[in-house]
Amino acid sequence: MKFATWNVNSLTVRLPQVLDWLAANPVDVLALQELKLTDDKFPHAAFQAAGYESVCFGQKTYNGVALISRAPAQDIVRNIPGFSDDMARVISASFPLATSAADGAPSSVRIVGAYFPNGQEPGSDKFEYKLAWLQGLRAWLRTELVTHPKLILMGDYNITFDDADVWDPEGMRDQIHCTDEERYELGALIALGLADAHRLFPQAPKSYSWWDYRDFGFKRNRGMRIDHILLSQALKPLAKACWIDKTPRKNERPSDHAPVIVELA
DNA sequence: ATGACGCCTAGAAGGCGA
């Protein structure tokens, strides 16, 4: 089975590219971020015609997330229960897992698709909101992992793990996406028993998931790895591969992010 | 670097992203 995440930076603009990508990469679940459209504008029919179900949590202008899937989503939850938020950043649902349990009983996987706050600048109000949001996410996930031991948290985290995720570590030191406070929170998610799928496997050096539109960022590979797929303990043994697909970043009018894919046995 | 690009709401130019 394959699961993927992609910040599309406007689904209105990127829909043809998403459909093309799904045709070439038939994943079981694709989490989308930064739809930048309201629920009434979501192109359910276009995904249906391509053979995919879809559930969304939209918002005008900013944010907005969705789960595109072969099987229908079950037990859909929007945003973080227990954390009050005006923004549409999280959508969760359960999907059938092909790998059955030891007793042969049907099993499911819990998918949490998330668009983490950007934070703008350390010390700003938006940065404080980002830290509060991260704490809210962690408090909720702690119990969510008990209810759903087979869980994937994937999306645009807007946080790098360490210098290996940054094209210019010195220039980005203590800058947004690279501060100790953000990395502490990311580490705290790992401490819940989640594993970074990317680093379970050998990866090319300077593997990034985002490149600035400006100054030929992609061509010069001046990027950061800020889109992540985290696997719960119960799923980690099933992981077979994880990769970043840079192909759509080469399109005309691309998203600034590339999709990340994990394959499970 | 008050920059570079792209998308959004606007109905011009500014907010925001990362």
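Before the first click, one cut-off: a polar contact here is a pair of N or O atoms within 3.5 Å, and inside the protein one of them must be able to donate a hydrogen and the other to accept it. Keep in mind, too, that this is a predicted model.

**Stop 1: Asn-63 and its surroundings**

Select Asn-63, in the loop that runs between strand E3 (53-57) and strand E4 (65-69). Show its side chain together with that of Gln-59, and you'll find a polar contact of 3.2 Å joining the two. Asn-63 has a relative accessible area of 5%, so it is buried. Now expand the selection to whatever it touches beyond four places in sequence: you should pick up Glu-34, Leu-35 and Lys-36, then Met-87, Ala-88 and Arg-89, and finally Tyr-115. Hang on to two of those names, Glu-34 and Tyr-115, which are both in that contact list; we'll come back to them.

**Stop 2: two backbone oddities**

Stay in the loop between E3 and E4 and click on Thr-61, which is found there. Check its backbone torsions: phi is positive, about 75°, although Thr-61 is not a glycine. With 41% relative accessibility, Thr-61 counts as partly exposed.

Next, jump to Glu-34, one of the contacts of Asn-63. Glu-34 sits in the loop between E2 and H2. This residue isn't a glycine either, yet its phi is positive at about 55°. Is Glu-34 buried or exposed? At 13% relative accessibility, Glu-34 counts as buried.

**Stop 3: along the DNA**

Turn to Tyr-115, the other name you kept from the Asn-63 list. One of its polar side-chain atoms lies 3.1 Å from a phosphate oxygen of DNA strand B. Then pick Asn-118, where an N or O atom of the side chain is 3.0 Å from a phosphate oxygen of the strand. For a third example, try Asp-156: a side-chain N or O atom there is 3.2 Å from a phosphate oxygen of DNA strand B.

Now select everything around DNA strand B. You get 24 residues, of which Ser-10, Asn-118, His-177, Trp-210 and Arg-214 come nearest. Which part of the strand is the protein facing? Of the atoms of DNA strand B that come within 4 Å of the protein, sugar and phosphate account for 70%. Color the protein side by residue class and the surface near the strand splits into 7 nonpolar, 9 polar and 8 charged residues.

**Stop 4: into the cores**

Hide the DNA and go for the largest nonpolar core, which has 33 residues. Good anchors for the selection are Phe-3, Leu-67, Ile-111, Ile-152, Leu-231 and Leu-264, the members that touch the most others. Strand E6 (residues 90-97) gives the most to this core, with 4 residues. There is also a second, separate core of 25 residues; Leu-141, Phe-161, Leu-192 and Leu-230 are included in it.

Back in the largest core, center on Leu-231. Skipping neighbours within four places in sequence, its contacts include Leu-151, Ile-152, Leu-194, Leu-200, Val-262 and Leu-264. Lys-236 and Gly-193 are among its contacts as well.

**Stop 5: His-44 and the cysteines**

Select His-44 in helix H2 (residues 44-49). At 33% relative accessibility, His-44 counts as partly exposed. Its side chain and that of Ser-54 are joined by a polar contact of 2.8 Å. Beyond four places in sequence, His-44 touches Ser-54, Val-55 and Cys-56. For a backbone check, the C-alpha atoms of His-44 and Val-55 are separated by 8.0 Å, with their positions 11 residues apart along the chain.

Cys-56 counts as buried, at 6% relative accessibility. Cys-242 is buried too, with a relative accessible area of 6%. Why can't Cys-242 form a disulfide? A disulfide needs two cysteine sulfurs within 2.5 Å, and the closest cysteine sulfur to that of Cys-242, in Cys-178, is 20 Å away, too far for a bond. The count for the model comes to 0 disulfides.

**Last stop: Asn-25**

Finish in the loop between helix H1 (11-24) and strand E2 (29-33), the place of Asn-25. Leaving out residues up to four places away, Asn-25 touches Tyr-52 and Asp-245. Asn-25 and Asp-245 are 220 residues apart in sequence, yet their C-alpha atoms are 9.9 Å apart in space.

How values were computed
Residues numbered from 1 in each chain as written. Chains lettered and ligands numbered in written order. Predicted model: local features only at pLDDT ≥ 70, side-chain atom pairs only at ≥ 80, totals over all residues. Heavy atoms only, no water. Near = heavy atom within 4 Å. Nonpolar A, V, L, I, M, F, W, Y, C, P; charged D, E, K, R; others polar. Buried < 20%, exposed > 50% of the residue type's maximum accessible area, 1.4 Å probe, protein only. Core = buried A, V, L, I, M, F, W, Y, C linked by side-chain atoms within 4.5 Å. Contact = heavy atoms within 4.5 Å.
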